[in-house]
Amino acid sequence: MVSFSKTSPLILVILCVLAVSGCSSTPSNHSDSKDPLETINRPFWTFTWDYADKYVARPASSAYVEYVPSGLRSGVYNMAMNLNEPSAIINNLLQAKFVDAAESTGRFLLNSTIGLLGFFDPASDFGWGRKQEEFGEVLGTYGVGDGPYIVIPGLGPSSVREEVGDYVDKYYWPLAVLDFWPNVVRVAVVGLEQRASLSQQEKLIDESIDSYEFVKNAYFQNMNFKVHDGNPPVEVNAEDEAALEAFLDEIDE
């Protein structure tokens with residue numbers, strides 16, 4: 001099931017990447033230091049997007065959205081995400097985000113009790129919005145790079161840092177003590193909702209010149225967006241700047 005790391009800012013990221021990729025008429029052939037496994041990742045991406053997503057994830061999410069009442073969908077999704085609040089508390093503390101950690105604590109306590117195990121979200125009425133932080137973001141905050149890009153067959157884009165982070169996150173309570181089948185249901189619900197949220201971007205991916213590069217660039221920009229809490233630093237490419245200056249000098253002459 002295709003997932004772009006569980007984020008809503010992906011919509012803006014994809015639009016930005018589309019604008020950039022539209023400047024090129026052919027797929028990129030240059031070596032990407034972030035993607036040393038490209039020869040393996042590309043066929044994995046083809047399988048994921050053209051087969052697993054097209055014939056399994058996409059119709060499943062469409063049926064889920066169409067036939068499950070929106071109130072029930074919202075409640076079940078809230079319950080699934082409520083189980084992540086304890087990990088958010090710890091990961092926020094590890095980044096010295098004490099206010100966010102306090103809000104996550106309040107959310108978990110209030111929603112788990114008055115909210116009936118998280119089915120309802122009364123914490124939002126107090127202005128305590130969901131501020132999910134993953135251990136991969138903690139690593140990024142302390143300067144750990146993304147590591148090599150990875151396409152997981154049937155699931156989609158990821159990276160070494162995100163996979164390490166996800167591995168750590170699953171050992172936080174209560175996920176660590178969750179039985180197999182309840183955890184399968186939790187993952188399925190989150191995955192179906194994430195896939196449904198991607199429906200508006202399908203056309204952008206399908207119409208991109210190179211969907212593999214398009215999604216990879218969107219993934220890394222999205223990870224950078226998350227690590228810097230929506231305010232990533234401006235990165236300047238020295239070679240592009242030099243080429244632009246040379247071009248402007250030629251015009252002036």
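Glu202 is buried, at a relative accessible area of 15%; buried means under 20% relative accessible area, exposed over 50% and partly exposed in between, with a 1.4 Å probe and protein chains only. The model is predicted, so local features need pLDDT of at least 70 and side-chain atom pairs count only at pLDDT 80 or more, while totals for chains, interfaces and linings use all residues. Residues are numbered from 1 along each chain as its sequence is written, and side-chain values use heavy atoms, with hydrogens and water left out.

**Salt bridges**

The whole structure has 21 salt bridges, each defined as a side-chain nitrogen of Lys or Arg within 4 Å of a carboxyl oxygen of Asp or Glu. Three of the pairs are listed here.

| Pair | Closest N to O |
|---|---|
| Glu202 and Arg58 | 3.9 Å |
| Lys97 and Glu133 | 3.3 Å |
| Lys131 and Asp100 | 3.1 Å |

Glu202 belongs to helix α9 (residues 202-207) and Arg58 to helix α2, so their salt bridge ties together parts 144 residues apart in sequence. Helices (H or I, at least four residues) and strands (E, at least two) are DSSP runs, numbered from the N terminus.

Lys97, in the loop between α4 (85-94) and α5 (98-113), is linked to Glu133, in the loop between α5 and α6 (135-141), across 36 residues. Both Lys97 and Glu133 are buried.

Lys131 sits in the loop between α5 and α6, and its partner Asp100 in helix α5, 31 residues apart. Lys131 is partly exposed, with a relative accessible area of 32%. Elsewhere, salt bridges with shared partners join Asp32, Asp35, Glu38, Arg42, Asp210, Glu213 and Lys216 into one network.

**Helices α2 and α10**

The axes of α2 (residues 38-67) and α10 (residues 211-227) come within 10 Å and cross at roughly 105°. Axes are lines fitted to C-alpha atoms, for helices over the stretch in contact, and angles run from 0 to 180 degrees between N-to-C directions. This makes α2 roughly perpendicular to α10, a term for angles of 65 to 115 degrees.

Contact means heavy atoms within 4.5 Å. Glu38, Asn41, Arg42 and Trp45 of α2 meet Ser211, Tyr212, Glu213 and Val215 of α10. Among these residues, Glu38, Arg42 and Glu213 also belong to the salt-bridge network.

**The β hairpin**

Strands β1 (residues 149-152) and β2 (residues 156-159) pair in the antiparallel sense over four bridges; pairing requires at least two DSSP bridges between two strands. Val151 has Pro157 in β2 as its bridge partner. The two strands form a hairpin with three residues between them, and Gly154 in the turn has a positive phi of about 85°.

Key. Parallel < 35°, antiparallel > 145°, perpendicular 65-115°, else oblique.
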